[in-house]
Amino acid sequence: MSQERTLSLIKPDATRRNLIGKIIAQLEAGGLRVVAQKRVQLTRQEAERFYAAHREKPFFQELVDFITSGPVIAQVLEGEDAIARNRALMGATDPANAEPGTLRQLYASSICENAVHGSDSPASAQHEITLFFREEEILA
């Protein structure tokens, strides 16, 4: 196992419903440590850059519209195998397919409004973290 970092977003649907504390508590109980955190309102340009990998997909505009609909909580999580651990805690993208007790099973209402985001690989984690945080903002 290796120490690594990943980006976590608590999305607008979850911030609107005051689920921030519950989600962070589950992430911490799952063995992850928050080493950077901020509340941000993404601009359309920032959202399009964040979702650039999906630009040619039919749901791209829906993703951008949703992520810009309210504030998000951006976090850098750190821990043993943080990327895989965070993804296991989040559950499947579609909450209907998410395992019981996962964040999306508990708090998501649809595939789009699915409460949380987590990086899916070391390369995407590194890239996504730099979209939200400067190195000096990450305090281990």
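**View 1. F132 and its surroundings in the predicted model.** In this predicted model, F132 touches L7, L9, K38, V40, L42, F50, A74 and E137, when residues up to four places away in sequence are not counted. F132 is also one of the residues that touch the most other members of the largest nonpolar core, and L7 and L9 are named beside it in that group.

**View 2. The largest nonpolar core and a second core apart from it.** The largest nonpolar core holds 20 residues, and those touching the most other members are L7, L9, I67, V76, F132, F133 and I138. At least two residues of this core come from each of strand 1 (3-10), strand 2 (33-40), helix 3 (44-50), helix 4 (60-67), strand 3 (72-80) and helix 7 (122-132). Helix 4 gives the most to this core, with 4 residues. Apart from the largest core lies another one, made of 16 residues, among them I23, L32, L77 and L103. As a general background, nonpolar side chains in soluble globular proteins tend to be buried together.

**View 3. Strand 3 and the two strands paired with it.** Strand 3 is mostly covered, with 8 of its 9 residues buried. Strand 1 runs antiparallel to strand 3 and is joined to it by 8 bridges, and within this part of the model I10 has I73 of strand 3 as its bridge partner. Strand 2 is likewise antiparallel to strand 3, with 7 bridges joining the two, and here the bridge partner of V34 in strand 3 is L77.

**View 4. T6 in strand 1.** Which residues are in contact with T6, once its neighbours within four places in sequence are left aside? They are Q75, V76, L77, A82, I83, N86, S119, A125 and I129. T6 lies in strand 1, and T6 counts as buried because its relative accessibility is 0%, where buried means under 20%.

**View 5. V76 in strand 3.** V76 is found in strand 3, and its relative accessibility of 0% is why V76 counts as buried. Leaving aside neighbours within four places in sequence, V76 is in contact with R5, T6, R33, V34, V35, A36, I129, F133 and I138. Although V76 and L139 are 63 residues apart in sequence, their C-alpha atoms are 9.5 Å apart in space.

**View 6. E137 in the segment after helix 7.** Is E137 buried or partly exposed? With a relative accessibility of 24%, E137 counts as partly exposed, because buried means under 20% and exposed means over 50%. The place of E137 is in the segment after helix 7, where E137 touches V35, A36, K38 and F132, not counting residues up to four places away in sequence. The C-alpha atoms of E137 and Q37 are separated by 8.6 Å, while the two residues stand 100 residues apart along the chain.

**View 7. The largest pocket and its lining.** The largest pocket has a volume of about 570 Å³, and of the 22 residues that line it, K11, Y51, H54, L63 and H117 are the closest to its centre. Helix 4, helix 5 (82-90), strand 4 (116-118) and helix 7 each supply at least two residues of this lining, and the largest share, 3 residues, comes from helix 7. By character, the lining of the largest pocket divides into 8 nonpolar, 8 polar and 6 charged residues.

Conventions
Residues are numbered from 1 along each chain as its sequence is written. This is a predicted model: local features need pLDDT of at least 70, side-chain atom pairs count only at pLDDT 80 or more; totals for chains, interfaces and linings use all residues. Side-chain values use heavy atoms; hydrogens and water are left out. A nonpolar core is a set of buried Ala, Val, Leu, Ile, Met, Phe, Trp, Tyr and Cys residues joined through side-chain atoms within 4.5 Å. Buried means under 20% relative accessible area, exposed over 50%, partly exposed in between (1.4 Å probe, protein chains only). Contact means heavy atoms within 4.5 Å. Two strands pair if DSSP finds at least two bridges between them. On a 1 Å grid over the protein atoms alone, a cavity is a set of points where a 1.4 Å probe fits but cannot get out, and a pocket is an open set with protein on both sides within 12 Å along at least five of seven lines; lining residues have an atom within 4 Å of a point. Grid points are joined across faces, edges and corners, and a volume is the space filled by probe spheres set on the points. Ala, Val, Leu, Ile, Met, Phe, Trp, Tyr, Cys and Pro count as nonpolar, Asp, Glu, Lys and Arg as charged, and the others, Gly among them, as polar.
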